[in-house]
Amino acid sequence: MKIVKIGIAVLVFAGLWVGTFILHGSEGHDKSEDFLLEKEVPKDHVVVFMSPASIDTVKDLIRFKLDFVPQGKYANPQTGYPAMAFTLNVPDNDPKKQEQVIKAGQKPKSVEVDVDVEGEIAAYPHDHYTTQIYAVLADPTGANVPVVYRYKDKLSGMDSDPGIDEESQKQGYLVLNTKIARTLEVRMFCYFINGIIAFLAIAVVGVTYLVVIGGRKVEFGQLTWIGATLFVFVSMRNSQPSVPTFGTTLDVLIFFWAEVLTAVSLVMIAITWMKRKPA
C-alpha cells in the first residue's frame with residue numbers, strides 16, 4: 001500500500017511537471033506576426049521588423065527595436081541595401097528622434113524607439129499596459145512607402161499582443177495598438193510566493209496561540225525562528241519577477257498583514273517568555 005501511494009504521488013508530480021511545459025508552449029512565446037495595409041503584400045515595399053525590447057513599468061516606458069529591409073524597387077539588386085533615401089517618422093518621446101533619415105546605399109541601422117505606456121502597476125502581477133507604435137516611411141518625393149510590419153515579441157516575463165488601429169488604417173498609414181501583460185508563468189510564481197508567505201504567517205500565529213493561550217512551553221528558539229521569518233518574508237516578496245516597490249494589491253492583501261501578524265506574534269511570545277516562570 002505504501003508503494004502504491006508513493007507511485008501515485010510520483011505520477012501526480014510527473015503530470016504537473018509535464019503540464020507546465022505544455023502550458024508554457026501554448027502561451028505562444030516569441031511569436032511572430034505580419035501586419036500590412038493591403039490585403040496582399042505589394043511587390044515594392046519595405047519590411048519593418050518590429051519587436052519590443054524592454055519595458056520599464058515604473059517609468060511607464062517601453063522600448064521598441066526597428067530594423068528595415070527594402071524589397072522590389074526600393075532595394076539595390078546587388079547589395080539589397082536601400083536604392084533611395086527614406087525619411088522615417090516614429091513616435092519617440094524625444095522630438096529630435098521622431099524624424100530620421102535612412103541613407104541610400106548603406107545598410108540601415110537598427111532604430112530604437114522609446115514610447116509611453118499606459119497601465120496600473122499596483123495591479124501586479126495582473127497589471128497590463130497599452131501603447132501605440134508605428135514607422136512611417138517616405139521616399140525622396142514625399143510619397144509614403146508601403147510597409148509590412150513583422151512583429152516579434154521578445155519581452156522577458158511579458159506577453160505583447162499587437163493589433164492594427166482602425167482609425168489610422170482609414171487614413172492610409174499603419175499604427176499598431178499593443179497590449180502588454182505578465183505571462184501566465186509570472187502570475188503563477190507570484191501567487192506561489194504569496195501563498196507560502198500566507199501559510200508561514202498562519203503557522204506563526206498558530207504557534208503563538210498554542211504558547212500564549214494553550215500553555216505550551218516557551219522555547220527561546222521560537223523567538224529566533226519568528227524573528228528570522230520577518231526578514232525572510234521581505235526576501236521572498238522581492239524575489240518575484242520585476243516586482244515594483246511596496247504598494248501592490250498583493251502587498252496590501254498578504255505581505256503587509258503577514259509582517260504585522262508575525263511581528264505581533266514575536267512580541268507576544270517574548271512577553272510570555274519573560275513573564276512565565278521556569279518549569
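Which hand does the crossing of H3 and H5 have, left or right? Let's find out in the viewer. This is a predicted model, where local features need pLDDT of at least 70, side-chain atom pairs count only at pLDDT 80 or more, and totals for chains, interfaces and linings use all residues. Residues are numbered from 1 along each chain as its sequence is written, and side-chain values use heavy atoms, with hydrogens and water left out.

**Stop one: two helices.** Select 184–212 for H3 and 249–275 for H5 (helices are DSSP runs of H or I with at least four residues, strands runs of E with at least two, numbered from the N terminus). Their axes, lines fitted to C-alpha atoms over the stretch in contact, sit 9 Å apart at an angle of about 25°. H3 and H5 are therefore roughly parallel (angles under 35 degrees count as that). And the crossing is left-handed: the near helix is turned anticlockwise from the far one by less than a right angle.

Now show side chains. Among the residues in contact (heavy atoms within 4.5 Å) are Tyr-191 and Ala-198 of H3, and Phe-255 and Met-268 of H5.

**Stop two: the largest nonpolar core.** Such a core joins buried Ala, Val, Leu, Ile, Met, Phe, Trp, Tyr and Cys residues through side-chain atoms within 4.5 Å, buried being under 20% relative accessible area with a 1.4 Å probe, protein chains only. This one has 30 residues; Val-48, Met-50, Leu-66, Phe-68, Leu-137 and Tyr-149 touch the most other members. Strand S3 (61–71) is one of the contributing elements, and S3 gives the largest share, four residues.

**Last stop: Val-48.** Its neighbours in contact include Leu-66, Phe-68 and Tyr-149, not counting residues up to four places away in sequence.

Definitions and conventions
Axes fitted to C-alpha atoms, helices over the stretch in contact; angles between N-to-C directions. Parallel < 35°, antiparallel > 145°, perpendicular 65-115°, else oblique. Buried < 20%, exposed > 50% of the residue type's maximum accessible area, 1.4 Å probe, protein only.
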